[in-house]
Every structure is written in structure tokens, then in C-alpha cells.
Amino acid sequence: MTIQARGVVWRAGGRPIIDEIALDVVEHEFLGIVGPNGSGKTSLMALMSGLRAPHAGTVALAGRSLRHFTRREIARRIAFVEQQAETAERITARQAVELGRTPHLSALSPWQAKDDDIVDTALAEVGMASFAGRRWHTLSGGERQRLHIARALAQQPEILFLDEPTNHLDIHHQLGLLDLVRSRRLTVVAALHDLNHAAMFCDRIAVLDQGRLVALGAPRDVLTETMLADVFRVDAAVEADGNGNCLVRYARPGTVKEKCLQ
Amino acid sequence: MRRPAATARLGFVLAAPLILVAALALGAAIGETSIDLDVVAKSVANRLWDAGYAVDPIDEGIVWNYRLSRAIVACCCGVTLALSGVVLQALLRNALADPYILGISAGASTGAVAVAILGFGAGMLSLSLGAFVGALVAFGLITLLARRAGSGPGAIILAGVAGSQLFNAITSLIVTRSANAEQARGIMYWLLGNLSGVRWDDAWLAVPAALLGLLVCLFHARALDAFTFGAESAASLGISVRRVQAVLISVAALMTAVMVSIVGSIGFVGLVIPHAARLLVGVRHGVLLPVSALTGAVFMVVADVVSRTIIPGQVVPIGVITALVGAPAFALILIRGRHVQ
């Protein structure tokens with residue numbers, strides 16, 4: 001299932017936050033969205049997943065405008081994991097994942113054994129099966145994040161949106177989680193902070209700057225020293241390894257300039 | 001943790017009416033003159049089916065005309081306040097939300113008093129309608145104020161306090177300006193939350209309101225669950241957030257308004273009962289809503305019995321009893337909430 005954004009605009013306080021973006025998400029690809037703070041990553045994800053309606057332009061899911069879908073129809077196809085979704089409710093880990101079945105159930109179609117199996121599988125996939133009975137507030141940030149992913153998986157979507165999914169995780173779990181998401185036959189759109197993770201896992205990277213799409217393509221084509229300097233305002237060297245992957249090596253702020261001065 | 005088995009649910013469905021009937025029977029039996037339970041049963045049978053049991057007509061009159069209608073209204077009041085509390089706590093994601101604390105009851109009082117004294121129409125339905133309008137206006141004003149006051153769970157509670165004060169002041173103004181001394185005394189007593197003078201007419205309004213509220217809330221149980229991680233998360237789970245909020249807040253306002261127009265504003269029930277029910281059965285709304293409704297009903301019948309018997313020869317307004325239980329509970333929730341965060 002594909003998503004096409006055409007001329008999408010979203011404003012806040014009269015200022016365009018997303019400015020005329022056109023972007024196609026291809027079936028089964030892992031698309032990374034990168035950009036500095038405030039570049040519009042979260043807004044773009046919310047627009048493309050139908051959580052917000054654009055002020056201009058259209059977002060189409062499999063060729064049909066999102067406006068013609070009900071919220072429920074969208075939620076059966078698209079799951080969204082927010083940056084930091086918290087609760088003060090005394091729910092268990094399992095109950096948090098069970099929420100993912102919501103778009104598939106209604107007041108008249110009750111919970112079934114099948115739903116239990118889907119929740120069990122989702123918990124196991126993020127390595128949280130043994131935590132099922134634990135209360136939400138006793139879990140660490142990383143454990144909570146994995147449960148959010150499990151909830152999204154329990155939704156059985158075709159497209160998964162992740163907003164900085166690895167924020168609270170240690171490096172082992174960061175890589176593990178991205179690898180897990182990557183290994184599913186899903187279309188994934190993920191806002192990522194770590195450019196090296198983006199390079200490692202993404203098929204394509206979209207670079208946002210001040211609400212505009214400034215670059216789109218394979219990691220080694222997009223992650224260039226010029227782009228890093230222009231968009232992220234960092235000095236960095238980009239190295240290619242033998243497998244066609246690339247690695248960003250940042251320079252300490254000021255060091256390059258000093259060299260120039262010498 | 002698996003969901004409660006079907007047998008547990010069936011057990012609740014069977015037990016709930018029995019518990020309700022037992023509560024109603026006790027509500028009808030206990031009072032200044034205590035009446036035996038079998039006399040209560042016979043009186044009800046006489047009235048319902050012309051059973052023709054030999055019962056003292058005075059006892060039968062007390063049971064049927066006075067205590068039973070009162071107990072039924074108390075039940076409905078408990079159901080609606082508890083449901084309103086559950087709904088508001090879930091939608092606002094605030095453990096302290098309740099129609100009384102958020103000023104919805106105060107707004108409803110103002111609406112009802114405006115109708116009663118300034119005389120926009122007359123009769124029970126228009127009183128409830130006035131209360132409904134007042135409740136919605138109050139909630140609208142308070143959410144607007146809370147949004148301006150900034151984020152954080154405290155904002156809407158503070159806005160509710162401000163709103164309550166404002167609407168109570170308007171109510172007092174209307175009463176002092178336009179009511180005669182006798183009206184004023186009656187209204188002040190009613191405002192404290194009071195089941196005296198409740199009759200069958202009131203029950204015929206309260207029962208449908210409670211049943212309608214219960215049905216609408218149960219229909220939205222999953223939607224309420226989906227709000228666990230906030231409105232954005234609910235939307236991503238396929239919930240039409242605006243529609244669900246509009247429907248459920250209107251229903252909560254309607255239930256509160258109907259009860260305020262009958263018994264005045266009774267505080268803290270909507271706060272305490274949902275928390276007690278959560279301790280019993282957890283946070284799933286499919287279970288939490290019916291258990292809260294039942295607990296609220298029983299609690300209110302008991303509170304009414306206490307209010308009639310705690311001081312011999314006098315009836316304490318039921319709002320005083322609920323506040324005596326509710327205010328300390330409010331404090332406890334406040335303290336525990338700090339630990340959770």
C-alpha cells in the first residue's frame with residue numbers, strides 16, 4: 001500500500017510548518033524522515049498518516065484521498081507510534097498492547113481468542129512477553145516504547161509511522177527495534193534523529209528543512225557533507241563502507257573553523 | 001493478565017439487579033420508623049400487582065410514596081454521577097475530574113434556578129433543560145479558560161474552581177434579587193443536594209436519564225479505553241476524537257443536569273466512585289462503567305439512609321454526607337497522584 005502526498009501545506013499561527021511537500025511512500029520500503037529540530041518531521045508524519053488534515057494539498061492512500069476514509073478505516077491500515085505517549089492509568093503492559101485491536105473491534109464485535117493471539121505475538125516480537133502483567137508505571141522508558149511498538153503491531157497495519165521511536169532506548173535496543181521493524185513486511189515511515197541509524201536501516205531518506213523537502217533518495221546519495229553543513233549546520237565527513245552503506249563522522253564544533261584560521 | 005472470563009461477566013449481569021433490589025429494599029426499610037423487609041415486599045407487591053396483602057396502609061404509604069421513589073432517584077443519581085465521573089476522567093485524562101469539581105453542577109444549578117425563579121417556562125422538563133444548558137455553558141467556559149491557562153493537569157481543575165465560584169455567585173444573585181424569603185430558603189437547601197420531596201414524577205425523569213446515559217457510555221467503552229494515551233493516540237487507533245468527545249461530554253452534562261434539577265448538586269460522588277471501582281476491577285471501561293454505575297447506586301442509597309438517620313428527627317442534606325466521604329478521598333487521590341508522577 002502506497003501513500004502519496006501532493007502539495008501538502010500545514011500552517012500554525014499563519015506560518016507554514018509544512019510547505020508544499022510532495023512525497024511518495026513506496027510499498028514495503030523503510031523511509032526515514034530526518035531534519036533539524038522544528039523542521040516539521042512530526043507534522044509531516046501526522047499529515048501523511050491522516051491524524052491531521054492538510055490546509056492545502058492532498059494525501060492519498062493507495063490512490064484514494066485520506067479524506068474519503070473514516071478514522072477507523074485508516075487505523076486498520078496505518079499505525080502511528082507517537083514520540084512520548086504517557087498515561088497515569090494503572091494499566092498493565094498487556095492492556096496497553098490490547099488497545100491496538102481497537103480499530104478491529106466495535107461495541108457489537110467482541111474480543112475473541114484470535115485477538116489474544118495477535119496481542120501475544122506482538123508482545124513476543126518486541127521481547128516483552130514476560131512483562132505482560134507488569135503495571136505501566138513500573139516500566140522503564142525503553143520498555144514502554146517497545147510496548148507502544150507492540151501496540152502498533154497488534155493493530156496489524158500495512159503502514160507503520162514511527163516518530164523518533166528509539167528516543168528512550170539504549171543502543172542495543174535501538175538497533176534491535178529498528179531491525180525488528182525493518183524485518184516485518186511493512187511499509188515504514190520513521191522520523192529519526194540519528195543519521196547513522198537512518199543510513200543503516202532506511203531504503204530512502206527524506207530530508208526536511210523549515211517545512212520543505214530538500215532532499216530525497218538513497219542514504220549514500222542524500223547524506224552528503226554539503227547537505228549536513230547546509231541543513232544540519234554540522235561539519236562531518238561521510239565515509240562509505242564496502243557494502244554500499246555510509247557512515248557519518250561528525251567533527252567537533254569549531255575544530256574545522258580553527259583549522260581554516262591557522 | 002487475561003480479561004475476565006465470560007462467566008465472571010455473566011455473574012455480574014445476574015448479581016447486579018439483585019444487589020440493586022437489595023439496596024432499594026434497605027432504602028425503603030430503614031428510616032425514622034423502621035419497616036420490616038417483608039412489609040416492604042408486600043407493600044410493593046400490593047402497589048405493583050394488586051396483590052392484596054394485609055399491610056398497615058400508613059406503612060405502605062411510607063414505603064411506596066416516600067421511601068421507594070426516593071431510593072430509586074438516589075440510585076439513578078449515583079449511576080449518573082459515577083458515569084459522568086468515569087467519562088470526564090477518561091476524556092480529560094485527569095484523575096480529579098468530576099462534574100462537581102469542574103463546575104458543571106454549578107452551571108446546571110444556575111440554569112435550573114434561572115428557570116425556576118426567572119420563570120423561563122415551567123415544569124420539571126424545562127427545569128432540566130435549563131440545567132442542561134447551564135451545564136454545557138459552564139463546561140464550555142471552563143475548557144476555554146483551562147486552554148488559556150495553559151497545559152498541565154491542574155489547569156482544568158483550577159478553571160473548574162473559578163467556574164464553580166462564578167456560577168454559584170450568579171445563582172445567589174438570581175436568588176437574592178428575585179426570590180421571596182421562602183423560595184430562597186427552599187432553593188438554598190436544594191442547592192446543597194437534597195432528596196427530600198422527591199416523588200415518583202422525579203423517578204420517571206431520573207430512570208430514563210440514567211439508563212440512556214449507561215447505554216451511551218457502554219457503547220463507547222472501547223473508545224474511552226483508546227484515550228488511555230491521549231487524544232492523538234486515540235485518533236491513531238481509529239477513534240473519531242471530536243465526535244466521541246462531543247457525544248460523551250453532552251451525555252455527562254445531560255445526566256448531571258437532570259440530577260441537579262431533581263436533587264441539587266451533590267459533590268464528590270463522580271470523583272470517589274470511579275476510583276473505588278478502579279481499585280476493584282481495574283481500568284477497562286467495559287467493566288469499569290457498569291461496576292461504577294452499580295457502586296454509585298448503592299453508595300447513594302446508603303448515603304441517603306445515613307442522611308435520614310444520623311441525626312434523629314432531622315434530615316441532613318445528602319450532599320453533606322457525600323462531601324464528608326468525598327473530600328478526604330479527594331485529598332488521598334491528590335497525594336497518590338503526586339507519587340505516580
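## Strand β3 of chain A

Four bridges tie strand β3 (residues 30-34) of chain A to strand β8 (residues 187-191) of chain A, and the two run parallel. This is a predicted model. One pairing across these strands sets A:F30 opposite A:V188 in β8(A). β3(A) is also joined to strand β9 (residues 204-209) of chain A, again by four bridges and in parallel. Here A:I33 has A:A206 of β9(A) as its bridge partner.

How many residues of β3(A) are buried? Five of its five residues are, and the strand is mostly covered. In a regular strand, side chains alternate between the two faces of the sheet. In β3(A), A:F30, A:G32 and A:V34 point one way. A:L31 and A:I33 point the other way. All of these residues are buried.

## The six-stranded sheet of chain A

β3(A) belongs to an open sheet of six strands, in the order β6-β7-β8-β3-β9-β10. The pairing in this sheet is mixed. Which strands stand at its edges? They are β6 and β10 (212-217) of chain A, and each pairs on one side only. From one strand to the next, the twist averages 15°.

At the β6 edge, four bridges join β6(A) to strand β7 (residues 159-163) of chain A, and these strands run parallel. A:V81 stands opposite A:L162 in β7(A). A helix also packs on this sheet: α1 (residues 41-48) of chain A lies across β3, β7, β8 and β9 of chain A. Helix α1(A) runs at about 150° to β8(A).

## The four-stranded sheet of chain A

Chain A has another open sheet, with four strands in the order β2-β1-β4-β5. Its pairing is antiparallel. β2 (15-25) and β5 (64-65) of chain A stand at the edges, each with a single partner strand, so one side of each has no neighbour in the sheet.

Strand β1 (residues 3-12) of chain A pairs with β2(A) over seven bridges, in the antiparallel sense. One bridge partner pair is A:R11 with A:P16 of β2(A).

## Where chain A meets chain B

The contact between the chains involves 26 residues of chain A and 21 residues of chain B. On the chain A side, the elements that give two or more residues are α2 (71-77) and β6 (78-81). Helix α2(A) supplies the largest share, five residues. β6(A) is also an edge strand of the six-stranded sheet.

What is the chain A side made of, by class? It divides into 14 nonpolar, five polar and seven charged residues.

## Helices α3 and α8 of chain B

Two packed helices are described by the angle between their axes and the distance between the axes. For helix α3 (residues 57-92) and helix α8 (residues 200-219) of chain B, the axes come within 9 Å and cross at roughly 30°. α3(B) and α8(B) are therefore roughly parallel. Their crossing is left-handed. Helix α3(B) contributes B:S69, B:I72, B:V73 and B:C76, among others, to the contact. From α8(B) come residues including B:W200, B:D202, B:A203 and B:A206. By class, the contact holds 15 nonpolar residues, three polar and one charged.

## Helices α12 and α13 of chain B

The axes of helix α12 (residues 269-281) and helix α13 (residues 285-309) of chain B come within 9 Å and cross at roughly 125°. That makes α12(B) and α13(B) oblique to each other. The crossing of this pair is right-handed. Contact residues include B:V269, B:I273 and B:P274 from α12(B), and B:V287, B:L288 and B:V291 from α13(B). The contact of α12(B) with α13(B) has 12 nonpolar, three polar and one charged residues.

## Two residues with positive phi

Most residues other than glycine have a negative phi. A:R233 has a positive phi, near 55°. This arginine lies in the loop between α9 (225-231) and β11 (236-240) of chain A. Is A:R233 buried or exposed? A:R233 counts as exposed, because it has 9 C-beta neighbours inside 10 Å.

In chain B, B:R93 has a positive phi of about 50°. B:R93 sits in the loop between α3 and α4 (104-118) of chain B. With 19 C-beta neighbours inside 10 Å, B:R93 counts as partly exposed.

Methods. Residues are numbered from 1 along each chain as its sequence is written. Chains are lettered from A and ligands numbered from 1 in the order in which they are written. This is a predicted model: local features need pLDDT of at least 70, side-chain atom pairs count only at pLDDT 80 or more; totals for chains, interfaces and linings use all residues. Axes are lines fitted to C-alpha atoms, for helices over the stretch in contact, and angles run from 0 to 180 degrees between N-to-C directions. Angles under 35 degrees count as roughly parallel, over 145 as roughly antiparallel, 65 to 115 as roughly perpendicular and the rest as oblique. A crossing is left-handed if the near helix is turned anticlockwise from the far one by less than a right angle, and right-handed if clockwise. Two residues are in contact if their C-beta atoms, placed from the backbone, lie within 7 Å. Ala, Val, Leu, Ile, Met, Phe, Trp, Tyr, Cys and Pro count as nonpolar, Asp, Glu, Lys and Arg as charged, and the others, Gly among them, as polar. A residue is buried if 20 or more other C-beta atoms lie within 10 Å of its own, exposed if 12 or fewer, and partly exposed in between; C-beta atoms are placed from the backbone. Two strands pair if DSSP finds at least two bridges between them.
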